[in-house]
Amino acid sequence: PYVYMGEEIGMTNCYFDKIEDYRDLETLNIYKEKMEQGVDETEFMEILKYRSRDNSRTPMQWNDNHEAGFTTGKPWINVIKNYKDINVEKALSNKNSIFYYYKNIIKIRKENLSLIYGTFTEIVDVEPNIFAYYRTLADEKMLVVINMADEFTLFKTDNMDFSKYKRVISNYNDELIYEGLNIKLKPFQSFIYKVQ
């Protein structure tokens, strides 16, 4: 539903408040079925904000103009309400936006073959919300760490000497936060380090 980069959040789910705003037939059919079963409508509408396929079908938010710059007419489904704040035009004007972050990720992947063809070795002794692994190809070794939680999470760095690691990319621009020898990952923090 979103990508977190420091303070910026990428395009979000539609968060419609009324069933009449949805167009997806599966969503409408399940809504009808659940209402007949007596499911609480308010709770079900909250679930739809995250689960409906319409979240990926709303008009592209090109700018902050009428209908998000998508059309001069009326689109088949409502434009997401936050289009004034989150749109392509704003992303292109900000060199630290998610758009440029993804461009950089693609470039890094193409330039570091270990990220494509390298042997995958998962780091298993981590908190459940952390996904961490190495990719190794010949003498190139990369460490990838992803905190999938919306809270600070401790990443155990046993047997890792970060003085020998060089940051390749991170979705936070500041330095890592250490707690003893371990790293205190920020909410949704992710990074790639090259092992020197």
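1. In what order do the strands of the open sheet of three strands stand? In this predicted model, the order is β6-β9-β8, and the pairing is antiparallel. Strands β6 (153-155) and β8 (178-179) stand at the edges with a single partner strand each, so one side of each is left without a neighbour in the sheet.

2. Within that sheet, β8 and strand β9 (residues 182-185) run antiparallel and are joined by two bridges. One residue pair that can be looked up in the structure is Tyr178, whose bridge partner in β9 is Ile183.

3. A further open sheet is formed by five strands in the order β3-β4-β5-β10-β7, again with antiparallel pairing. Its edge strands are β3 (119-122) and β7, each of which pairs on one side only. On average, and with direction ignored, neighbouring strands of this sheet are turned by 25° against each other.

4. Going through the five-stranded sheet from the β3 edge, β3 pairs with strand β4 (residues 130-137) in the antiparallel sense over four bridges, and Thr121 stands opposite Tyr134 in β4. Strand β5 (residues 140-147) pairs with strand β10 (residues 190-195) over five bridges, likewise in the antiparallel sense, with Ile146 standing opposite Ser190 in β10. Strand β10 is also joined by five bridges to strand β7 (residues 165-170), the two running antiparallel; here Val195 in β10 is the bridge partner of Tyr165.

5. Turning to the helices, the axes of helix α1 (residues 25-36) and helix α2 (residues 41-51) come within 11 Å and cross at roughly 155°. Since angles over 145 degrees count as roughly antiparallel, α1 and α2 are therefore described as roughly antiparallel to each other. The crossing in which α1 passes α2 is right-handed.

6. Helix α4 (residues 98-111) allows a check of its length against expectation: at 1.5 Å a residue, its 14 residues should span 20 Å, and the end C-alpha atoms are 20 Å apart, which agrees. The buried residues in α4 include Ile98, Tyr100, Tyr101 and Ile108. Seen down the axis of α4, its buried residues fall within an arc of 155°, so they line one face of the helix.

Conventions:
Residues numbered from 1 in each chain as written. Predicted model: local features only at pLDDT ≥ 70, side-chain atom pairs only at ≥ 80, totals over all residues. Heavy atoms only, no water. Expected span 1.5 Å × (residues − 1). Buried < 20%, exposed > 50% of the residue type's maximum accessible area, 1.4 Å probe, protein only. Arc of directions from axis to C-beta. Pairing = 2+ DSSP bridges. Axes fitted to C-alpha atoms, helices over the stretch in contact; angles between N-to-C directions. Parallel < 35°, antiparallel > 145°, perpendicular 65-115°, else oblique. Left-handed = near helix turned anticlockwise from the far one by under 90°.
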